[in-house]
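Reader: Please take a close look at one part for me, the interface between the two chains. Keep it brisk.

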There are 2 protein chains.
Amino acid sequence: MQRYFVERENMTEDIVIVTGEDVKHITKVMRMNIGDDIICSNNQSRTVRCQLVEYSDTEVRARVIEELMPNTELPIKVTIAQGLPKGDKLELIIQKGTELGAKSFIPFAAARSIVKWDQKKSHKKIERLEKIAKEAAEQSYREQIPTISDVKSLHHLINHSLSYDAIIVAYEEAAKNDEQSKFVQTLNGLTTGQSILVIIGPEGGLTSEEITYLKEQGATICGFGPRILRTETAALYALSAISYHFELMR
Amino acid sequence: MQRYFVERENMTEDIVIVTGEDVKHITKVMRMNIGDDIICSNNQSRTVRCQLVEYSDTEVRARVIEELMPNTELPIKVTIAQGLPKGDKLELIIQKGTELGAKSFIPFAAARSIVKWDQKKSHKKIERLEKIAKEAAEQSYREQIPTISDVKSLHHLINHSLSYDAIIVAYEEAAKNDEQSKFVQTLNGLTTGQSILVIIGPEGGLTSEEITYLKEQGATICGFGPRILRTETAALYALSAISYHFELMR
């Protein structure tokens, strides 16, 4: 069944109001009619099945039929801090990372990031990434849309990292040096509801200065197996492994 | 250090000869000179560091300096049987799946596959996919380039599946029904050197007839967590989880 996120204030006990681009999607793309069912989430852990009762060009009204308990969020809150990659890789990371359960994304300007975000265009870029996250969250039955922050510096990232229960850094030199178990050890130390920050370098990787700094700040340097993963693959590996560990091996 | 795969007959005890497009890559793109080092694999588990001794427009000759023991292949041989997806998704699956350690890929025509491969163009398409696999294998330090077969039918796939130690099917209805542990159970039953066939449906998923048939043939139906993954994400999830299980948790 088709899923949509609505604004919190647009979901009351009995009625859901869908606005914006989703109206066109419901009425024109899906060609739904009065009496058809959709599933709506308020992005605050309430998800309901509801029935279309009325629509116009600008909004769709639906009556709540059933409270759903989808429970599709990862048991561990995962934030992906991604060194700014080239081209459309960030879009891929956000689309796939959303499917795989990330709670938030923080792009950061790493020493080897070639791309720089123009301050003026930054707002538009984030809007576009948020749209990708919303669509991926709907498609994958998420209850929450991951948040996407503006580009940070590595220092800013670390200065705001006190709230995480664990911080790991994906480092390809660790992979080359056959470092295999620190990621597992870190996950073994976490329990449901806790949070982890996963820091991933851009195409050229993190510099040894960045790694030294991150170690000093208490981050755990991890390898993701013996093969060298492209930057966009590392995030997907981390999220898949976290899902496997906490959702499948439970 | 840059890596290249060479034909088996082009790697003797002392000398490696690089031919084809890699010659241009070494001499023009990387601008290497006599005395520079490269790493070469013969796609048969022999990997050496070697030094350029001579080059022309058509070949590069290098002297073997050191035998390397990279050990970058997954301990379990994973074949991804992928229901033909739309657009360039198969390219993404093969690039990322190679980085993540897949041994081979078998595209198959599923009931809901919208794309059909024209017999005439099939050869060209596979050539292109093989090139993607070779480049991803070089980039990720693989010792072997995954093989890519021509498009099969599901029956053909099953009729040739006796050689696998396990067969699993990614099924989103299993994910919705909260099936969490069969994938873990299957991996727990495998040991180093054994093989697994992972069957993944196309965009619309496998039909219930296909699922029934696969069950009858002894395949294990698995969910990959509670979220609904796009077809191209499922292969990456399976490979990441297998790496985590066999390479990191060891």
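Author: A salt bridge here is a side-chain nitrogen of Lys or Arg within 4 Å of a carboxyl oxygen of Asp or Glu. Between chain B and chain A there are six salt bridges. In one of them, E232(A) pairs with K96(B) at 2.8 Å, N to O. This is a predicted model: local features need pLDDT of at least 70, side-chain atom pairs count only at pLDDT 80 or more, and totals for chains, interfaces and linings use all residues. Side-chain values use heavy atoms, without hydrogens and water.

Now the extent. In contact (heavy atoms within 4.5 Å) are 44 residues of chain B and 44 residues of chain A. The buried area is about 3,600 Å²; that is the accessible area (1.4 Å probe) lost by the two parts on being put together, summed over both. Carbon and sulfur atoms give 56% of it. On the chain B side, R227(B), Y244(B) and L248(B) lose the most area, together 22% of what that side buries.

Next, symmetry. Copies are superposed by least squares on C-alpha atoms of residues with pLDDT of at least 70 in both. A turn of 180 degrees and a shift of 0.0 Å along the axis lay chain B on chain A, with an RMSD of 0.0 Å. The two copies are therefore related as by a two-fold rotation axis. Of the residues of chain B, A241(B) comes closest to that axis, its C-alpha at 2.6 Å. The copies meet through the same surface, because 100% of the interface residues of chain B are also interface residues in chain A.

Note on methods
Residues numbered from 1 in each chain as written. Chains lettered and ligands numbered in written order.
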